[in-house]
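I am opening a notebook on a structure that is new to me. The entries below record what I looked up, one topic at a time.

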Amino acid sequence: MPIESLEPIEPIEPIENELPLPSVAGIEAAYQALDPLFRDTALFNHPAADDALGHRLSLKVESLNSTRAFKGRGTDWFMQAHGADPRPLVAASAGNFGQGLALAARKHSRSLIMFASINASALKIEAMRRFGARIIQSGADFDAAKLAAQAYAHDNKCQFVEDGADPRIAEGAGTMALEMTRTGQRFDTLLVPLGNGSLLTGIGTWYKAKAATTHVIGIVAETSPAMLRSFQAGHAIATPAAPTIADGIAVREPVAYALRSMVGTVDDVWTVSEANIRLAMRFCHQHYGLMAEPAGAAGIGAALEHRARLQGQSVGTILCGSNLTLAQVKEYLG
């Protein structure tokens with residue numbers, strides 16, 4: 001579906017959420033408590049990639065753990081506050097958040113019911129199930145699955161957890177920003193994939209407090225602009241669809257709490273085309289020897305697409321996931 005056809009629909013009524021915003025103190029506490037499986041990941045660049053781009057691009061690699069994604073940082077910190085709740089947990093995920101939450105729930109002996117769309121990646125479905133989640137597939141996309149999950153949690157008196165709507169999930173993700181600043185490396189710009197917003201707002205919270213001159217930029221798929229339009233408008237604006245290969249950032253109904261958390265922590269939101277997401281996956285494999293799923297490569301795609309405005313800068317991004325099927329590897333990297 002071309003982006004021109006993604007006309008806005010009525011703004012979403014924000015769900016009442018009185019939780020505090022993510023904080024620097026919370027990120028520091030999360031780092032101390034975080035499961036070592038997710039902590040102190042690699043940050044590096046490659047001269048050949050930098051020469052091709054015309055700017056220095058440093059890659060924070062978040063895919064070399066048992067979930068192949070960064071989400072375990074936030075879910076581990078969230079579950080440390082909620083592990084004793086006896087109610088079943090209910091959530092929705094395209095896959096990576098679900099893996100992280102399932103792993104954390106298992107550590108705390110909490111049952112988890114995870115909703116996913118009928119079109120969700122079979123690889124990610126199986127991974128969530130392997131970590132102990134009960135899977136219910138409902139709806140044509142992630143946002144439809146999330147509505148089903150909310151209804152199920154309400155009807156069955158379960159605890160509903162939403163990625164992008166809790167400070168601890170963002171603070172856990174923000175620990176990677178703490179690690180980045182502790183290297184002493186300075187960045188002119190950070191390109192951060194933007195889905196439900198926990199990754200971006202966690203990183204933005206830390207950087208605006210500790211290295212305020214760094215521009216923190218959210219990256220959305222050009223064909224899934226709901227978060228961009230909402231950021232620009234100052235309130236949630238949904239789109240009727242989010243047709244992108246990058247399922248981890250395919251958002252059509254923004255989370256109001258995440259938008260509130262972006263104020264003062266995010267400088268701008270940029271788009272990346274589907275073509276450049278695909279190119280970024282090949283670029284990542286060619287220059288860094290790493291595989292990235294489409295959402296995981298979105299920041300690299302933006303570095304390619306916007307290389308003219310980034311010329312000569314020191315740029316950082318996150319390789320935030322690498323859950324690919326063999327068919328996807330052949331399609332995107334073959």
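**Entry 1. Second largest pocket**

Which helix gives the most to the lining of the second largest pocket? I looked it up in the model, which is a predicted one. The helix is α6, residues 142-155, and α6 contributes three residues to that lining. I noted a volume of about 330 Å³ for the second largest pocket. Its lining is made of 19 residues. Nearest the centre of this pocket I found S117, N119, D141, D247 and A250.

**Entry 2. Cavities**

I then turned to enclosed space. Rolling a probe the size of a water molecule over the atoms shows where empty space is left. I counted four cavities of 30 Å³ or more. For the largest cavity I wrote down a volume of about 310 Å³. The largest cavity is lined by 30 residues, and those closest to its centre are K71, D163, G195, G248 and I249. Two elements give two or more residues to this lining, namely α4 (96-107) and α8. Which of the elements has the largest share of the lining? I found that α8 has it, with three residues.

**Entry 3. The six-stranded sheet**

Next I traced the sheets. Strands of a sheet pair through backbone hydrogen bonds, either parallel or antiparallel. One open sheet has six strands, and I read their order as β1-β2-β10-β7-β8-β9, with mixed pairing. Its edge strands are β1 (43-44) and β9, each of which pairs on one side only.

I went through some of the pairs within this sheet. Strand β2 (residues 56-61) runs parallel to strand β10 (residues 314-319), and six bridges join them. Within this pair, T317 of β10 is the residue opposite L59.

Is strand β8 mostly covered or mostly open? I found β8 (residues 215-221) mostly covered, since six of its seven residues are buried. Strand β7 (residues 189-193) pairs with β8 over five bridges, in the parallel sense. P193 has I219 in β8 as its bridge partner. I followed the chain from β7 through helix α8 (residues 198-210) to β8, and this β-α-β crossover is right-handed. Helix α8 thus comes up again here, after its share in the lining of the largest cavity.

Strand β9 (residues 268-272) also pairs with β8 in the parallel sense, over five bridges. I219 has W270 as its bridge partner in β9.

**Entry 4. The four-stranded sheet**

I found an open sheet of four strands as well, in the order β5-β4-β3-β6 and with parallel pairing. The strands at its edges are β5 and β6 (159-160), and each pairs on one side only. I checked one pair inside this sheet: strand β3 (residues 89-92) and strand β4 (residues 112-116) are parallel and share four bridges. F115 in β4 is the bridge partner of A92.

**Entry 5. R134**

I picked out R134, which has its place in strand β5 (residues 134-137). How far apart are the C-alpha atoms of R134 and I113? I read 4.8 Å, although the two residues are 21 residues apart along the chain. Leaving out residues up to four places away in sequence, R134 touches L112, I113, M114 and Y152. With Y152 there is also a polar contact of 3.5 Å between the side chains. The relative accessible area of R134 is 48%, so I list R134 as partly exposed; exposed would need over 50%.

**Entry 6. R73**

The last residue I looked up was R73, in helix α3 (residues 72-82). Is R73 buried or exposed? R73 has a relative accessible area of 0%, so I list it as buried; the limit for buried is under 20%. I then checked what its side chain reaches. The side chain of R73 comes to 3.0 Å from the backbone oxygen of F38. The side chains of R73 and T41 make a polar contact of 3.3 Å. Not counting neighbours within four places in sequence, the contacts of R73 include L34, R39, D40, K60 and E62. Residues further along the chain are in contact with R73 as well, among them G172, A173, T175, M176 and E179.

Technical notes:
Residues are numbered from 1 along each chain as its sequence is written. This is a predicted model: local features need pLDDT of at least 70, side-chain atom pairs count only at pLDDT 80 or more; totals for chains, interfaces and linings use all residues. Side-chain values use heavy atoms; hydrogens and water are left out. Buried means under 20% relative accessible area, exposed over 50%, partly exposed in between (1.4 Å probe, protein chains only). A polar contact is a pair of N or O atoms within 3.5 Å; within protein, one must be able to donate a hydrogen and the other to accept it, and residues adjacent in sequence count only if both atoms are side-chain atoms. Contact means heavy atoms within 4.5 Å. Two strands pair if DSSP finds at least two bridges between them. A crossover is right-handed if, with the strands pointing away from the viewer, the path from the first strand over the helix to the second runs clockwise. On a 1 Å grid over the protein atoms alone, a cavity is a set of points where a 1.4 Å probe fits but cannot get out, and a pocket is an open set with protein on both sides within 12 Å along at least five of seven lines; lining residues have an atom within 4 Å of a point. Grid points are joined across faces, edges and corners, and a volume is the space filled by probe spheres set on the points.
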